[in-house]
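Trainee: I should like to go through this structure with you, beginning with its surface and ending with its charged side chains.

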Amino acid sequence: MTQARASILNGNPHREERDDLIRLVEHARARTVFEFGTFNGATSAILSAIPTVEQVWTLDIPAGITPSLPMLDIDLSYLYFDPRLQLPANRKVTRLWGDSAAFDFSPYYGRCDVVFVMGAHSLPYCRNDLAQAVKLASPGGLVVWHAGTPGPVEAIAREYDVFMMGARMAVVM
């Protein structure tokens with residue numbers, strides 16, 4: 001199994017992807033980060049441990065909510081994971097609940113130095129989440145996307161300037 005496939009199967013970025021994300025956040029001197037797809041809170045914990053980061057908002061779909069858009073089977077297997085015990089117990093992380101296709105992001109528009117998109121990997125969710133991520137980014141902010149599967153990568157690359165970092169991570173401009 002490839003490392004990229006393993007990162008999708010375990011629900012978190014692989015170590016190399018995580019290290020790339022840390023470097024990007026550090027280089028951006030990000031104070032505020034918005035994360036799509038909390039899952040078990042591992043990435044939230046990593047982001048909140050970066051010294052410059054003061055606030056991490058992390059969004060995940062709550063139990064009992066049916067996704068508004070089509071999802072891949074692999075994404076369905078990660079729905080409703082209860083990360084209460086894994087989320088970092090610190091003031092930097094704020095857990096948000098909602099379907100990203102229906103969530104009101106407007107209070108966060110223009111406020112995020114880095115936006116990390118690792119939610120659902122279906123093309124409809126990728127399009128939705130990236131459109132919101134671009135609005136969330138502060139002037140000069142970064143949008144980092146965990147692309148997941150090749151189909152959405154090809155389609156999104158036709159809609160945005162995408163700089164691939166390895167097989168699954170991209171900076172969207």
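**Surface and charged side chains**

Mentor: In this predicted model, the chain exposes about 8300 Å², and carbon and sulfur atoms supply 55% of that area.

Trainee: What percentage of the 173 residues in the chain is buried?

Mentor: A residue counts as buried when its relative accessible area is under 20%. By that criterion, the buried share of the 173 residues is 54%.

Trainee: Which side chain of opposite charge is nearest to Asp 129?

Mentor: Asp 129 lies in helix H5, residues 123–136. Its contacts, leaving aside neighbours within four places in sequence, are Phe 36, Ser 100, Val 117, Gly 119 and Ala 120. Asp 129 is buried and has no salt bridge; at 11 Å, the nearest side chain of opposite charge is that of Lys 135.

Trainee: Which residue forms a salt bridge with Arg 95?

Mentor: Arg 95 is buried, at 16% relative accessible area. The closest N and O atoms of the bridge are 3.5 Å apart, and the partner of Arg 95 is Asp 60. This pair links distant parts of the chain, 35 residues apart: Arg 95 is in strand E3 (residues 93–97), and strand E2 (residues 55–60) holds Asp 60.

Trainee: Is Arg 23, which meets Asp 20 in a salt bridge, buried or partly exposed?

Mentor: The two residues are three apart in helix H2 (residues 15–28), and therefore about one helical turn separates Arg 23 from Asp 20. Asp 20 is buried, at 17% relative accessibility. Arg 23, by contrast, has a relative accessibility of 49% and so counts as partly exposed.

Definitions and conventions: Residues are numbered from 1 along each chain as its sequence is written. This is a predicted model: local features need pLDDT of at least 70, side-chain atom pairs count only at pLDDT 80 or more; totals for chains, interfaces and linings use all residues. Side-chain values use heavy atoms; hydrogens and water are left out. Helices (H or I, at least four residues) and strands (E, at least two) are DSSP runs, numbered from the N terminus. Buried means under 20% relative accessible area, exposed over 50%, partly exposed in between (1.4 Å probe, protein chains only). Lys and Arg count as positive and Asp and Glu as negative; His and the chain ends are not counted. A salt bridge is a side-chain nitrogen of Lys or Arg within 4 Å of a carboxyl oxygen of Asp or Glu. Contact means heavy atoms within 4.5 Å. Accessible areas come from the Shrake-Rupley method with a 1.4 Å probe; for residues, only the protein chains shown count as cover.
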